[in-house]
Amino acid sequence: MVVKSDGRALSLNQRRDGASQWHASVTEHDLSHLRRAIALASEARARGKHPFGALVVASDGVVLAEAINAFGWPDGDATGHAELIAVREASRRFAPEHLARATLYSSAEPCAMCAGALYWSGISRLVYALSEGRLLAMTGNHPENPTLSLPSREVFARGQRRIEVIGPVLEDEAAAAHLGFWK
């Protein structure tokens with residue numbers, strides 16, 4: 001990673017096809033929060049849950065909500081995705097005008113359900129680590145992670161307001177929590 005004089009970082013991300021993708025709008029602040037989301041994913045795995053984590057952060061850097069995945073029987077439900085839980089908690093506690101300047105950081109690209117929750121919450125920015133495509137390559141046809149191949153950017157493109165999407169970033173770091181989990 002190269003940090004520019006204005007504080008923005010250029011982060012190199014290797015795509016599955018071997019090409020590199022640069023994200024000029026990723027900051028050190030973003031990377032720090034994204035690494036927290038990845039740590040939450042590892043925490044979820046350690047608790048026997050699917051390895052996903054997310055947090056909602058205000059524009060001033062204050063964490064508004066964070067969550068691990070709660071999918072599964074007996075203490076979770078099918079909609080217990082980390083992103084949905086974090087967005088739901090932030091939406092309960094903070095006014096829409098506060099959320100309009102917030103960012104959702106996720107250890108993986110939000111599914112269509114979670115992207116919809118982000119859209120309806122009014123949160124204006126998403127930074128994610130692991131792409132849906134790479135996650136699918138790791139999970140295969142696992143019955144607990146049926147992939148709905150609908151990237152979050154496509155969900156947001158159908159909406160009436162703009163959501164900035166940055167990702168994948170730190171994809172290899174995020175993939176570590178999934179290694180061997182989906183077997």
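Two residues are in contact when heavy atoms of theirs lie within 4.5 Å. Keep that in mind as you work through this predicted model.

**Exercise 1. Find which residues Phe 156 is in contact with, leaving aside its neighbours within four places in sequence.**

Step 1. Start at Phe 156 and set aside the neighbours within four places in sequence.

Step 2. Look for what remains in contact: Ala 115, Leu 118, Tyr 119, Leu 126, Arg 161, Ile 163 and Val 165.

Step 3. Now place Phe 156 in its wider setting. The largest nonpolar core has 48 residues, and Val 56 and Phe 156 touch the most other members. Helix H1 (residues 28-46) gives this core its largest share, six residues.

**Exercise 2. Describe helix H1: how far does it reach, and which of its residues are buried?**

Step 1. Count along the helix: H1 has 19 residues.

Step 2. Go from the first C-alpha to the last. The reach is 27 Å, close to the 27 Å expected at 1.5 Å a residue.

Step 3. Pick out the buried positions in H1: Asp 30, Leu 31, His 33, Leu 34, Ala 37, Ile 38, Leu 40, Ala 41 and Ala 44.

Step 4. Step just past the end of H1, where Gly 48 has a positive phi of about 85°.

**Exercise 3. Work out how strand E4 (residues 53-57) is covered and which strands it pairs with.**

Step 1. Check burial: five of the five residues in E4 are buried.

Step 2. Sort them by direction. Gly 53, Leu 55 and Val 57 point one way, while Ala 54 and Val 56 point the other way.

Step 3. Follow the pairing with strand E5 (residues 63-68). The two strands run antiparallel and are joined by five bridges, with Ala 65 as the partner of Val 56. They make a hairpin with five residues between them, and in the turn Gly 61 has a positive phi of about 95°.

Step 4. Turn to strand E6 (residues 103-108), which pairs with E4 over four bridges, again in the antiparallel sense. Here Ala 54 stands opposite Ser 106.

**Exercise 4. Explain why Cys 111 and Cys 114 are not counted as a disulfide.**

Step 1. Recall the bond in question: a disulfide is a covalent bond between the sulfur atoms of two cysteines.

Step 2. Take the cut-off: the two sulfur atoms must be within 2.5 Å.

Step 3. Compare. The closest cysteine sulfur to that of Cys 111 is in Cys 114, at 3.7 Å, so the pair is too far apart for a bond.

Step 4. Give the total: the count is zero disulfides. As a last detail, Cys 114 is buried, with a relative accessible area of 1%.

Conventions. Residues are numbered from 1 along each chain as its sequence is written. This is a predicted model: local features need pLDDT of at least 70, side-chain atom pairs count only at pLDDT 80 or more; totals for chains, interfaces and linings use all residues. Side-chain values use heavy atoms; hydrogens and water are left out. A nonpolar core is a set of buried Ala, Val, Leu, Ile, Met, Phe, Trp, Tyr and Cys residues joined through side-chain atoms within 4.5 Å. Buried means under 20% relative accessible area, exposed over 50%, partly exposed in between (1.4 Å probe, protein chains only). Two strands pair if DSSP finds at least two bridges between them. The expected span of a helix is 1.5 Å times one less than its number of residues.
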